[in-house]
Amino acid sequence: MFLEFVEGPLWYASVAIFAVGVVIRLYEILARGVKPDLAPPRAGGTAGALRTLVSRSWTAKGFSSGALFHLVAGYMFHLGLFVLLLFAAPHVVFIEARILGFGWTPAPHWVFIVAADLAFAGLILLWLRRVMHPVLRRISTFDDHAAAWLTFSVMFTGCMALLLSHDSLRALHMLSVCLLLIYFPFSRLMHAFTFVLSRGYTGAAMGRKGVQA
Amino acid sequence: MAKVVTEHDYARGVAVLREQIDARVAAYLSSCVGCGLCAEACLFYTETGDARYTPIYKVEPMRRLWQREQTLAGRIGKALGFGRDLTADDFAAWQEMTYNSCTLCGRCSMVCPVGNDIAYMIRKQREAFAAAGYTPDGLQTAATRALEIGSPMGVTWKALAAQIGHAEKATGLKIPVDVQGADYLALFSSMEIMNFPEYIAALARIFAAAGVSWTVSSQAFEATNSGIQIGSSEIARELVGRVVDAAEGLGVKYVISPECGHAYTAIRWDGPNLIGRPYAFEVVHILELLDQLRRDGRLQTEGFDERKLTFHDPCQIVRRGGVEQPPRDLLAMVAPNFEEMPDHGKMNWCCGGGGGLSANEEAYDLRTTVFKVKKRQLEAVGVETMITACANCRIVMEEALEHYAMPVVIEGVTELIAAHLKPQPPAPTGD
């Protein structure tokens, strides 16, 4: 019954809160507007926006070794999670049955295990840096920790559900997914959508000045 | 006339801070994942290890206001009695992070993985602090002088006229003043006029040789904009407006921004947005003009400076201004032993004196400390001569070089080029 609840009403409610919440958050940002730039541009803002959208995916040339940690651990986590989310066999089945109506060939099991290990390692390394590095200790908020632990619980319960395949463990995984979806639009996890805006705005502004930022 | 606010009024500061949160700021605050990479790019953090100087932490008042009032979670929390509003203590505590430990150099903005322009946010936060009177005494004094006298250093037209007289004597050339219909209006920074007046003579010689039609205005000669530094658009608008009125009154085609970083930001990029309309003239940085003259064949040099030398990139001209290659192309004309320092170009390290810090006595020790990064750059490249294109960078770095007993001489690009001008009969004027 609990499984029916989390895969039924709670799933629908959490997806609705996620979707509506993300739209509201994006609207809250865009509605504030930006004044048009009256200074004559040196180059195009659109090209600058697109360039920065891509270029910030890696660290600036010659930047510090501290950035290397973030680059490596960050991509371990994000890429691992991406592979897990979209190519793990149970997820492909779920997406086909409950979301899109169609699926695709899932990744082999060993790929799933490697992706999961990388995602876990990346998330743990990033969180450890957050609690140990003086800069991150100063700038981190409750939100940063909550998002990290919620994500961890989704991944952890997912592993347990996979390994033991009991309904209760699958329900626990689904419950943590629903909680993450509900929490998402209220949190810094919104960066998953808003990074397009932040990179774009800066790229456009700097691009108009002729600076490849 | 705009006024410098000196009385503390944090409530006004909160109201102004609220107005500063546009879509860009909201996007930046939403996207920040607290990774701390901005600290790795900021010389105030790297040279002190003080985590308070983490760039995104400098805008914590702005973040708290945005989160509490402009996010659903914050509004719910506020309604339930969680969190707290900004107070006078917050403004007092953050004045140091907003002014003393930030030159608006923008190096942090180049490395943020989510693309946040943190320097933009700090500039916006300064609007609130300036409106609330939480600004360093030195900046208040400089801005007041700029409004009342026309120069943050109290330089009057008479003082500039005296320097012009010296330059005319030294060059044998007449420097045009208030010439209606000249092509170019040259501005100067007070720092140049008082500390590096050889720039004036250099301009005169180069323009005579290249046949440039130019003038100086007795009504508005100051390029430095203290409004930008203190963070008051009202003050910045008035100061830029004086230049615009003078330039449009003289009917010039171009205004030349001199070897000064924030002056270029003020007149080239901020100015039209401050006054709410495009100019009736174009703005060029002196480096851009000299480079154009070079490409047109109107700037001819002879001989070389055999010294090994390097170039310090002024942040507001290169990284925030987009003028990176012209100084290098100009130096290539006369400096065969030019060598780039590590992290040159748009990722160069700030001199530590921009953004009003050179006028802020409270920040003197800190900017001397953070100069250590520039010191390491100079030691790595191994030069005794450094060229730059900003009089403020120059004076700040000269003081620091003296402090660290480093035998490095600093010169300006324009004076170096002028020193190697090929003697030639003056070309016909007109562009």
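**A colleague's note on the predicted two-chain model**

1. Let's start in a loop. B:Asp178 sits in the loop between helix H11 (157–171) and strand S1 (184–186) of chain B. Keep in mind as you look that this is a predicted model. B:Asp178 is not a glycine, yet its phi is positive, at about 55°. Is this residue buried or exposed? It falls in between: 14 other C-beta atoms lie within 10 Å, so B:Asp178 counts as partly exposed, given that buried takes 20 or more and exposed takes 12 or fewer.

2. Now jump along chain B to B:Asp343, in the loop between helix H18 (325–334) and helix H19 (364–370). Here is another residue other than glycine with a positive phi, near 60°. B:Asp343 has 19 other C-beta atoms within 10 Å, so it is partly exposed.

3. Next, the sheet. Chain B has an open sheet of four strands in the order S2-S1-S3-S4, with parallel pairing. Which strands are at the edges? They are strand S2 (214–215) and strand S4 (282–285) of chain B, each pairing on one side only. Strand S3 (residues 254–257) runs parallel to S4(B), and four bridges join the two. If you'd like one pair to find on screen, try B:Val255, whose bridge partner in S4(B) is B:Val283. Helix H17(B) packs on this sheet, where it touches S3 and S4 of chain B, and its direction makes about 85° with that of S4(B).

4. Zoom out to the domains. The domain assignment splits chain B into domain 1 (10–135), domain 2 (146–295) and domain 3 (309–418). The centres of domains 2 and 3 of chain B, taken over C-alpha atoms, are 22 Å apart. Their contact takes 28 residues from domain 2 and 29 residues from domain 3. On the domain 2 side, the elements giving two or more residues include helix H13 (198–210) and helix H16 (261–275), and H17 (286–295) is also one of them. By class, that side has 13 nonpolar, seven polar and eight charged residues.

5. Last, a spot where the chains meet. Helix H2 (residues 9–30) of chain A packs with helix H2 (residues 23–31) of chain B at an angle of about 140°, their axes 7 Å apart. The two helices are therefore oblique to each other. From H2(A) come A:Arg25, A:Glu28, A:Ile29 and A:Leu30, which meet B:Ala23, B:Ala26, B:Ala27 and B:Ser30 in H2(B). The residues of this contact divide into five nonpolar, one polar and two charged.

Definitions and conventions. Residues are numbered from 1 along each chain as its sequence is written. Chains are lettered from A and ligands numbered from 1 in the order in which they are written. This is a predicted model: local features need pLDDT of at least 70, side-chain atom pairs count only at pLDDT 80 or more; totals for chains, interfaces and linings use all residues. Axes are lines fitted to C-alpha atoms, for helices over the stretch in contact, and angles run from 0 to 180 degrees between N-to-C directions. Angles under 35 degrees count as roughly parallel, over 145 as roughly antiparallel, 65 to 115 as roughly perpendicular and the rest as oblique. Two residues are in contact if their C-beta atoms, placed from the backbone, lie within 7 Å. Ala, Val, Leu, Ile, Met, Phe, Trp, Tyr, Cys and Pro count as nonpolar, Asp, Glu, Lys and Arg as charged, and the others, Gly among them, as polar. Domain bounds come from an automatic or database domain assignment. Two strands pair if DSSP finds at least two bridges between them.
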